[in-house]
Amino acid sequence: MLTTSTLEIANKYILKGLGSRSAPMSTTSATVLHDRHDTGSPESERKHKVYKIVLTGGPCGGKTTAQVRLATFFENLGWKVFTVPETATILLGGRVKFSELDAEQSYIFQRDLLATMHQIENTFFNQASAIKDRNVLIICDRGCMDPSAYSSQEDWQRMLRDLKFEEFDLRCSRYDQIAHLVTAADGAEKYYTLANNATRSEGINHALELDKRTRSVWIGHPYMDIIDNKNTSNFDDKVNKLIQVVCDRTGIRSGDRLAKDSKKRKWLISSVDWNNFGKFEEFEIEHFYLLSDESNIQHRFRRRTQNNRSTYTLTSREYFKESGDSIETRMNVLSRDYNTYANMRDKSRASIFKKRRCFMFGNMYFNMDIYKDPLPPQANGNHLIFLETYTTVPKGTPLPDGAMPPFLTIEKEITGESQYSMYSLSKYSKTANKNDFAGADKYKDD
């Protein structure tokens, strides 16, 4: 039965040995996208670009979940996305303890961490350079300047000399954009937690100091954006701020989908003119829910497949009855963990299978879900088709003229109707269960 955070669940099984077409680029974009790593071909010969972004920030800034959400957004636009894991988490997960290191051992660890990070990134950069048929986004969980925030100036300069690195190259020319996600300890204290990173140990005051230090080491990069907690009512607002600044830098029009007051709206589709659908990206989706013996916690596993390549995501939601708030975190997991999680299914609910078409119409971005056999129990044998988008136009109000795709026939709007959520559709019995997720009403439009 699942009662713990996403990473704790993953770690539990890892320790057991079980877990261990292209979007047009705007010519008026504020950023010129340079292939700064050797691509093997002149920049003028490349029709598609490689864009490298670093997600950095203080502890509990939301990097892990934001990386997943940002990757999904760009994959839906037809980009190839690589997510570079955080090197420090990998190495510290190997039972390195700073409290046991003397000064020289600490230096050696930080130097080797930087060298490892640099090589891991280069591996992804080389893979990206070999892709010629679409734009590529590389999302780095921290970048090569971050180790300097954890080292003295003397040690940092020594590292650069030992590794023959130039600070200017690491800070200013290696990456196209730096996005600093401010720690929740600054402006969102009630959400500050150590739970989703087993190697983290910082208290709030220390988190504030680390946030300041990691921010300062990137000063001077030509395209640095601070993603703070101001004017955000929840973490989704913060993630949308991140996606918006990346869209701005890459010249992608997102409409009002990422606006602060933007909400998801959802419609039931009665028919589709498949012959006039236009350009889209299509994915095969499988969802299933995991067992939990705490009604305020929900865990869901997703497999997302295109061209026989899959990504796997574990989503956890925690509902706070007293305040009515909820927190959602997402984490990429490995394909080898699929069977582990499959054995932890909530057998009171069926797996959900659907095709998802992602497309732009005008200035709006849409997802269309087409439910497949075996159909969910509460679909009553109907091959349901749902359309969804994010917009500031409130529920019940028609979208602006010409905004709704003409090749779709709308039966009715179903925003906020819980019987159309995946959680409701998946249930074998309509009878309430004591372990049903108490926060389900917060996610009616899932």
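In the predicted model, Phe74 touches Trp79, Val81, Leu137, Val246, Cys247, Thr250 and Ile252, when residues up to four places away in sequence are not counted. Phe74 also belongs to the largest nonpolar core, a set of 28 residues in which Phe74, Leu137 and Leu242 have the most contacts. The elements that give two or more residues to this core are strands E1 (50-57), E3 (136-141), E4 (177-181) and E7, together with helices H2 and H8 (235-250). Helix H8 supplies six residues, the largest share of the core. A second core, separate from that one, comprises 27 residues, among them Ala128, Ile131, Met145 and Phe165.

At the level of the whole protein, 10 helices and 14 strands are present. Of the 446 residues, 51% count as buried. The protein exposes about 20,900 Å², of which carbon and sulfur atoms supply 49%.

Nine of the strands form an open sheet with antiparallel pairing, in the order E10-E9-E8-E7-E11-E12-E13-E6-E14. Strand E10 (326-333) and strand E14 (408-413) stand at the edges; each has a single partner strand, and therefore one side of each is left without a neighbour in the sheet. From one strand to the next, the twist averages 30°. Helix H2 (residues 63-76) packs on this sheet, where H2 touches strands E7 (281-289), E8 (297-306) and E9 (309-319) as well as E10, E11 and E12. The direction of H2 makes about 70° with that of E10. Helix H2 and strand E7, which are in contact, are both among the elements that give two or more residues to the largest core.

Within the sheet, strand E11 (residues 352-361) and strand E12 (residues 364-371) run antiparallel and are joined by eight bridges. Lys355 has Ile370, in E12, as its bridge partner.

A further site of interest is Asp211, which is found in helix H7 (residues 204-216). The relative accessibility of Asp211 is 2%, and this residue therefore counts as buried, the cut-off being under 20%. With neighbours within four places in sequence left aside, Asp211 is in contact with Gly57, Gly58, His180, Leu181, Val182 and Thr183. Among these contacts, Gly57 lies in the range of strand E1 (50-57), while His180 and Leu181 lie in that of strand E4 (177-181). Strands E1 and E4 each give two or more residues to the largest nonpolar core.

Definitions and conventions. Residues are numbered from 1 along each chain as its sequence is written. This is a predicted model: local features need pLDDT of at least 70, side-chain atom pairs count only at pLDDT 80 or more; totals for chains, interfaces and linings use all residues. Side-chain values use heavy atoms; hydrogens and water are left out. Two strands pair if DSSP finds at least two bridges between them. Helices (H or I, at least four residues) and strands (E, at least two) are DSSP runs, numbered from the N terminus. Axes are lines fitted to C-alpha atoms, for helices over the stretch in contact, and angles run from 0 to 180 degrees between N-to-C directions. Contact means heavy atoms within 4.5 Å. A nonpolar core is a set of buried Ala, Val, Leu, Ile, Met, Phe, Trp, Tyr and Cys residues joined through side-chain atoms within 4.5 Å. Buried means under 20% relative accessible area, exposed over 50%, partly exposed in between (1.4 Å probe, protein chains only). Accessible areas come from the Shrake-Rupley method with a 1.4 Å probe; for residues, only the protein chains shown count as cover.
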